[in-house]
Amino acid sequence: MSTPGTAMDSLSAALKCNIIPNQEYLLQGSVLDQYVEVLLHRLRGLCDNVDSGPESFHDHELCFTLRAANTGAPMVLPLRVRRALDVNDAPFQLRYVGQQELGDKNRPTVVRSSIDMACSSTIVEFLTELGCRLDFEYIARGYMFRKGRMKITVSKIFKMGGNKPGEGVEPISQSYLVELSVLAPSGQDAIGEDMRVFAEQLRPLVQLEKIDYKRLGNMM
Amino acid sequence: MGVTILTQFPTENRTGPQTIDVLSKRIMALGAIQQGQFLVDCETYTSVQQLGPQRTVHVLHNSEQPATVFSLLETGTKTIPLATDGLFDLLMMKMSSFYTSKKQTKAESKGPRYEIGDFCVKLGTVTVSSNFKGILVEVEYRPCVVPAMCWDLLKEFLQGFLGLSGPTNPPAYLQNRMQEIYSPIDTIHQYLEHFTLFRKSPVEANVN
């Protein structure tokens with residue numbers, strides 16, 4: 001009977017075979033509140049979960065960064081924690097989202113590295129004590145659809161009101177955020193094309209685009 | 001998942017493999033059947049100076065829960081446990097400019113795993129950065145999840161095959177948690193306590 005390999009060995013093997021879904025392909029857009037029903041209706045027709053209907057979610061997301069004042073460039077590591085407010089015993093979700101790859105301008109979607117994992121509820125205290133700072137938090141409530149391995153979410157974003165999530169929340173805008181994403185191992189660029197085709201079918205209700213966060217930052 | 005007790009077994013004048021041999025003969029004589037091998041490992045990371053007061057993250061894996069990574073964060077005043085999916089190791093790599101692993105600290109305990117009735121017994125050879133450090137015996141009593149309710153049974157079982165070297169008191173970590181429901185992270189805490197002691201101990205001469 002052979003000794004079990006170390007976890008690090010299996011991780012390196014998985015990295016080598018490129019089977020870890022660590023890239024996120026993403027398109028984003030928005031739709032005004034008064035048209036969201038039309039969009040949901042269209043998505044119900046286009047997506048896989050026709051019979052069961054869309055899955056609803058009600059999540060609280062906390063966005064942390066780990067920073068260290070360094071000589072030269074400051075080091076920053078963004079980390080996000082998401083927890084379901086509507087399912088009590090669901091595990092928390094921890095996520096690292098990297099900078100979007102500059103790459104080819106003609107690429108149909110944003111591509112950024114992503115490490116996504118389930119974790120225990122101690123994660124918030126763990127990150128805080130690790131040295132992370134809470135930058136902002138929000139509540140997202142909406143619906144999730146699937147089409148093959150594409151995930152489509154239509155969510156309303158709320159500001160945190162009271163001390164407890166769910167208490168006195170206030171929507172940040174009169175529209176819904178629409179996201180089309182796929183988590184896949186790197187190099188599977190063909191998925192971008194599928195996403196472009198799908199996004200085309202939602203026009204002109206919603207225009208799903210590559211959003212350049214750096215440019216958004218400059219606009220403010 | 002039941003209650004697990006981890007205890008060190010003295011090697012005295014024997015080498016590591018000789019000690020494992022003696023113990024496996026004893027447990028087999030009691031009717032245990034070998035069911036594969038096991039491995040628990042631990043890597044320790046410390047925060048870089050720029051991050052302020054020093055903190056330590058211990059990242060452990062246990063072959064009994066192969067899809068989980070356990071982490072224990074020590075701040076100096078408290079210890080925060082965390083259980084995550086396997087990709088946490090990938091995240092630790094991303095954190096390499098904030099938390100660095102000290103070389104020469106990788107600790108592991110590995111060896112044969114036996115089942116005997118309701119008990120699961122593991123005989124671990126402990127190494128710290130490949131240097132032999134000692135023997136850890138893990139016994140799990142699987143039908144029960146409250147330590148206080150099965151401690152006497154576990155003690156009797158342990159003394160049955162470890163003799164006088166068997167523990168007379170529950171492990172320090174469990175002593176004020178005897179009435180709580182036992183979970184896999186509690187086993188991880190016990191391993192870390194022993195690994196920390198082994199890391200401080202001098203290298204044993206009998207490497208083989």
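This is a short tour of the contact between chain A and chain B, followed by a stop at one arginine in chain B. Keep in mind that the model is predicted.

**Stop 1: the whole interface.** Start by selecting the residues of each chain that touch the other: 36 residues from chain A and 36 residues from chain B take part. Together the two chains bury about 3,200 Å², and carbon and sulfur atoms give 76% of that area.

**Stop 2: a salt bridge.** Now pick Lys78(B) and Glu125(A), whose side chains form a salt bridge at 3.0 Å, N to O. Two salt bridges are found across this interface, along with eight residue pairs in polar contact.

**Stop 3: the side of chain A.** Next, colour chain A by secondary structure. The elements α1 (7-16), β2 (55-68), β3 (75-84), β4 (92-100), β5 (110-119) and α3 (123-130) each supply at least two residues to the side that touches chain B. Select β5(A) for a closer look, as this strand gives the most, with six residues. Colouring that side of chain A by class would show 23 nonpolar, nine polar and four charged residues.

**Stop 4: Arg113(B).** Finally, move to chain B and select Arg113(B) in strand β7 (residues 107-116). Is Arg113(B) buried or exposed? Its relative accessible area is 11%, under the 20% cut-off, so Arg113(B) counts as buried. Show the side chain of Glu115(B) too: the side chain of Arg113(B) makes a polar contact with it at 3.0 Å. Then add the residues that Arg113(B) touches farther along the sequence, among them Gln35(B), Phe38(B), Glu64(B), Cys120(B) and Arg142(B).

Conventions:
Residues are numbered from 1 along each chain as its sequence is written. Chains are lettered from A and ligands numbered from 1 in the order in which they are written. This is a predicted model: local features need pLDDT of at least 70, side-chain atom pairs count only at pLDDT 80 or more; totals for chains, interfaces and linings use all residues. Side-chain values use heavy atoms; hydrogens and water are left out. Contact means heavy atoms within 4.5 Å. Buried area is the accessible area (1.4 Å probe) that two parts lose on being put together, summed over both. A salt bridge is a side-chain nitrogen of Lys or Arg within 4 Å of a carboxyl oxygen of Asp or Glu. A polar contact is a pair of N or O atoms within 3.5 Å; within protein, one must be able to donate a hydrogen and the other to accept it, and residues adjacent in sequence count only if both atoms are side-chain atoms. Helices (H or I, at least four residues) and strands (E, at least two) are DSSP runs, numbered from the N terminus. Ala, Val, Leu, Ile, Met, Phe, Trp, Tyr, Cys and Pro count as nonpolar, Asp, Glu, Lys and Arg as charged, and the others, Gly among them, as polar. Buried means under 20% relative accessible area, exposed over 50%, partly exposed in between (1.4 Å probe, protein chains only). Lists of a residue's contacts leave out its neighbours within four places in sequence.
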